[in-house]
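This report covers a metal site and its surroundings. Look at the structure first, then read on.

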Amino acid sequence: MPELPEVETVRRGLADLIEGRSFKSIQLNRKDIRFPMRDGLGDVARGQTVTHVGRRGKYMIIELDGAKRLLIHLGMSGRLILGADVMADELFYQKQQINPRHNHVIMTFNDAAVIYNDPRRFGMVDLLDPDGGHYLLAHLGPEPLANEFDGHWLAQRLRFSKTSIKEKLLDQNLVAGIGNIYASESLHLAGINPKRKAGNIALARLVNLAEAIRNTLQRAIEAGGSSLKDYRGVRGAPGYFQHQFNVYDRAGEMCRSCGKDNIRKIQQSGRASYYCAACQR
Ligand SMILES: [Zn+2]
């Protein structure tokens, strides 16, 4: 599931391709993805130029010169296929193991196309409201890379919470864009056990945690940025690059911090958490 760094990587690739280009069409191949497609979505962008591609948490926002804005979320398995002519080449789909049957939305521009492909259909393509809002964005917490997000914000919001810190980090209303992978990685970097009750963590440790979250995300964005070079100029589906994780998906393996085989996997609210039993308290 793409988290903030993957979405940011896709956003950069998308911005490179479509900023300054004008829409020819939006073709909708289904009436719904996660939600029913909004009426008129297919016609709204025709002839309009993309002024900016932004991001809020795991959402991408395509701004048009006609003041309309498109909202894209990749859900669990969504991806954007970018290129000059991404529809015709069977070999591309074979190589990338992408099934073109899941091409749900096809946006065409002059000399470029963007395809929204999503086998599990937890994602979405929608319009922002005329005032720029959207109910899915209304309650999102701060961007973790913005100045307003820090240990003091966490301390204020987590006070008295009996929920585990790992589960709280997945709450998009606390902080936007963090999912299962970067929650595990950030807690490892901060030395905090994922099972610890969020309300029982001292301020100094939350300051470390906020810093660890920023560092973890920033490093992943940089790794994603270098993966962009591989596809730039040709067709591709950026954002699903391999990172080197410290704990995620490494149960039973050696912790790179303490050098012992202490990495454990547990379930928290049905999601896997990975942590080092020696380094994280
Ligand atoms: Zn360790």
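## Zinc donors

Donors here are N, O and S atoms within 2.8 Å of the metal; water is not among the atoms, so sites may look incomplete. The model is predicted. In it, four cysteine SG atoms serve as protein donors of the zinc ion: Cys-255, Cys-258, Cys-276 and Cys-279. They lie 2.2 to 2.5 Å from the ion.

## Geometry

The zinc site is tetrahedral. Angles among the four donor atoms run from 104 to 116°. For four tetrahedral donors, the ideal angle at a metal is 109.5 degrees.

## Sequence spacing

Along the chain, the donors follow the pattern C-x2-C-x17-C-x2-C. Within that pattern, Cys-255 and Cys-276 are 21 residues apart and link distant parts of the chain. Cys-255 sits in the loop between helix H6 (203–231) and strand S9 (263–268). Cys-276 belongs to strand S10 (residues 271–276).

The structure has zero disulfides.

## Burial of the donors

Cys-255 has a relative accessible area of 0%, so it counts as buried. Cys-276 is buried too. Cys-279 is partly exposed, because its relative accessibility is 26% and the cut-off for buried is under 20%.

## A histidine beside two donors

His-188 is part of helix H5 (residues 180–190). Its relative accessible area is 7%, so His-188 is buried. Leaving out residues up to four places away in sequence, His-188 touches two of the zinc donors, Cys-255 and Cys-276. Its other contacts are Asn-246, Val-247, Ser-257 and Gln-280.

Technical notes
Residues are numbered from 1 along each chain as its sequence is written. This is a predicted model: local features need pLDDT of at least 70, side-chain atom pairs count only at pLDDT 80 or more; totals for chains, interfaces and linings use all residues. Side-chain values use heavy atoms; hydrogens and water are left out. Donors are N, O and S atoms within 2.8 Å of the metal (3.2 Å for Na, K and Ca); water is not among the atoms, so sites may look incomplete. Four donors count as tetrahedral if all angles lie between 85 and 135 degrees; four count as square planar and six as octahedral if opposite donors are over 155 degrees apart and all others between 65 and 115; anything else is irregular. Helices (H or I, at least four residues) and strands (E, at least two) are DSSP runs, numbered from the N terminus. Buried means under 20% relative accessible area, exposed over 50%, partly exposed in between (1.4 Å probe, protein chains only). Contact means heavy atoms within 4.5 Å. A disulfide is a pair of cysteine sulfur atoms within 2.5 Å.
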